[in-house]
Amino acid sequence: MKRFLWGASSSAFQTEGNNLASDWWHIPVGSGDGMIQEASGDADDSYHRFDEDIALLADAGLNAYRFSIEWGRIEPVRAQFSQAEIDHYLRVLDSCRHHGIEAVITLHHFTNPTWFTDQGGWLNDEAPKLFESYVRAVEPILADSAVHYVVTFNEPNQLASLIGLMDPENHEPFDPDRMPIPDRRAVSNLLAAHLRARSIIHECGDEAGWSLASPAFETPDGRPVADLSGEGKTYADRREGDFLRLSRDDDFIGVQAYTRHLVNGDGPLGIPSDARLTANGWEYYPHALATALQATAEIARIPILVTENGIATDDDDRRIDYMRDALDDAARAAESLEVPILGYLHWSLLDNYEWGSYAPHFGLVAVDRGNHFVRHPKKSLKWLGRHCLDCPSGLA
Ligand code: BGC
C-alpha cells in the first residue's frame, strides 16, 4: 500500500538561484506596477544546498518533497538539452532516496525558458509540441524510482489568468477585486501540453495530474456555489470549475489553497472589511483547504494530493495555528468525500522568493541570505513532523 505523503513543497525559480535562462530572470525590478520589488538573485542557493534541505525534511519526520525542474536549465536554447542539468536533478533524487523521501516532481512552475517566451510563450500554438520535447528530455528523471507523482503544470488556471491580463484580446481591464479571466488560447495550449506530458509520464510508470490554484469559493449566506446562477457562477466556473472538469481523466489533482474568495450571484465580493489578514494581505482563513477539497472532490472526482497550503507570516505560532486549523477542518471534510486524499505538502519548505520580494515568509525553515544561506528550522517544521507521526495514514 502507498504511504500517505506528509511533506513540503518548493519551486525551482523561488529557491535554486541564478536561473539565468528563465524568463522571470529578465523582468526588471520596479515593473508589474511595483510588484517586482527585488531580483531573485541567488535565491536560497538550493541548487547547491538541496541535500541539506531534504535532510531537514527527513529529520523532522516528513516523507515527501515536492520540487520543480527548471525548463530553462534543461533547455536553455531551443532544442539544446543539457545533460549536466538532467544529472543535477538525478542527484537531487539520489538525495531523496538516501533520506527516505518520496519526490513529487513539478514540470512547470510559472517560469519558461526565455527563448520560449520570446517565441510567444503559451499563446504560440507550437507550445504543446515544444513542451513535449522538454518532457521527453527529462524522462530519466521521471523514470527514477524516487518519483511516483508528477505535476505537469503548477496552477494552469492562475498562469492562464496572468497571461490573460497581458493579452489585449481579453478585453477585460484589471480590477484588484477580480481574478483576471484565464486566456482561452493559453488554456487550450496548456491543456494540449498537459495531455502530451501525461502520456510520457505514464510511459515512465508514474501518475500524472496538474495542480490548481483553488480559490475556495464561498457565498456569504453559505449557499453552495454550484447553486449560484448569473455572473457569480460564470466567474467561478471560468476560474475553477472548468479546470476541475478538464482534470477528470487525470490520475490525481493537486489542490493549492490559502484563502477563500467570496462570491454571490453578481460576482466576486472582495475581502470582508472585518477580516483578519496575513502578512501578504490575504484573508486569514484556514478553512479554505476544507472548502477547496470539497469542491475539487465534487467536480473533478479523482484522488487529491494537497500540493500547497500555507500562510505568509513572521509569527511562527500563527503558522502553527493556521496549519492546525486547516488540517483539522480538512480531516473532517475528508470523512465525507468520495475520493481519497493522497497527501499534504505544506507551502513552503523554505522562506523563498515570493515572485518579486523576499519579504513574505511562507517557510517552515528560515534562510539567512546575508550569511551564507544558513538554514534555521522553525518550530512549525517540528510541529508538522510530529503531526505526521500522529497521523501516518491520512489527514486524521
Ligand atoms: C504558488 C507559489 C507561491 C504561493 C504563495 C502559489 O500560488 O504556486 O509559487 O509562492 O502561491 O503565493
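**Getting to know this fold and its spaces**

This predicted model has a chain whose secondary structure comes to 13 helices and 13 strands.

Q: Why is the chain called as compact as a globular protein of that length?
A: Its radius of gyration is 20 Å, and the globule rule gives 21 Å for 396 residues; the two values are close, so the chain counts as that compact. For a feel of the dimensions, the C-alpha atoms fill a box of roughly 55 × 50 × 45 Å along the principal axes.

Q: What makes a space in the structure a cavity?
A: A 1.4 Å probe has to fit there without being able to get out. The structure holds three such cavities of 30 Å³ or more. About 130 Å³ of space lies in the largest cavity, and the residues closest to its centre, out of 15 that line it, are Glu16, Ser46, Phe50, Tyr65 and Phe67.

Q: Which element gives the most to the lining of the largest cavity?
A: That's α2, with four residues. The elements giving two or more are α1 (12-15), α2 (46-60), β2 (64-68) and α4 (83-98). By class, this lining has seven nonpolar, six polar and two charged residues.

Q: What lines the second largest cavity?
A: Tyr258, Trp282, Glu283 and Phe362 are among the lining residues. They surround about 50 Å³ of space, and the lining divides into six nonpolar, four polar and one charged.

Q: What is the volume of the second largest pocket?
A: About 540 Å³. It's lined by 21 residues, and Phe217, Pro224, Val225, Ala226 and Ala295 are the closest to its centre. Here α10 gives the most, with six residues, while β6 (217-218) and α11 (288-300) each supply at least two. The lining comes to eight nonpolar, six polar and seven charged residues.

Q: How do you know that Gln14, Glu354 and Trp355 make polar contacts with the ligand?
A: A polar contact needs a pair of N or O atoms within 3.5 Å. An oxygen atom of the ligand is 2.8 Å from an N or O atom in the side chain of Gln14, and for the side chain of Glu354 the distance is 2.4 Å. With Trp355, a polar side-chain atom lies 2.9 Å from a ligand oxygen. Each pair therefore passes the 3.5 Å cut-off.

Q: How much of the ligand's accessible area does the protein cover?
A: The protein covers 93% of the 310 Å² that the ligand has on its own. There are 13 residues around the ligand, and the closest are Gln14, His109, Glu155, Glu308 and Glu354. That shell has six nonpolar, four polar and three charged residues.

How values were computed
Residues numbered from 1 in each chain as written. Predicted model: local features only at pLDDT ≥ 70, side-chain atom pairs only at ≥ 80, totals over all residues. Heavy atoms only, no water. 1 Å grid on protein atoms, 1.4 Å probe; cavity = no way out; pocket = protein on both sides within 12 Å on 5 of 7 lines; lining within 4 Å. Points joined across faces, edges and corners; volume = space filled by probe spheres on them. Nonpolar A, V, L, I, M, F, W, Y, C, P; charged D, E, K, R; others polar. Near = heavy atom within 4 Å. Polar contact = N/O pair within 3.5 Å; in protein donor to acceptor, adjacent residues only side chain to side chain. Areas by Shrake-Rupley, 256 points an atom, 1.4 Å probe, with all protein chains shown as cover. Rg over C-alpha atoms; globule rule 2.2 N^0.38 Å.
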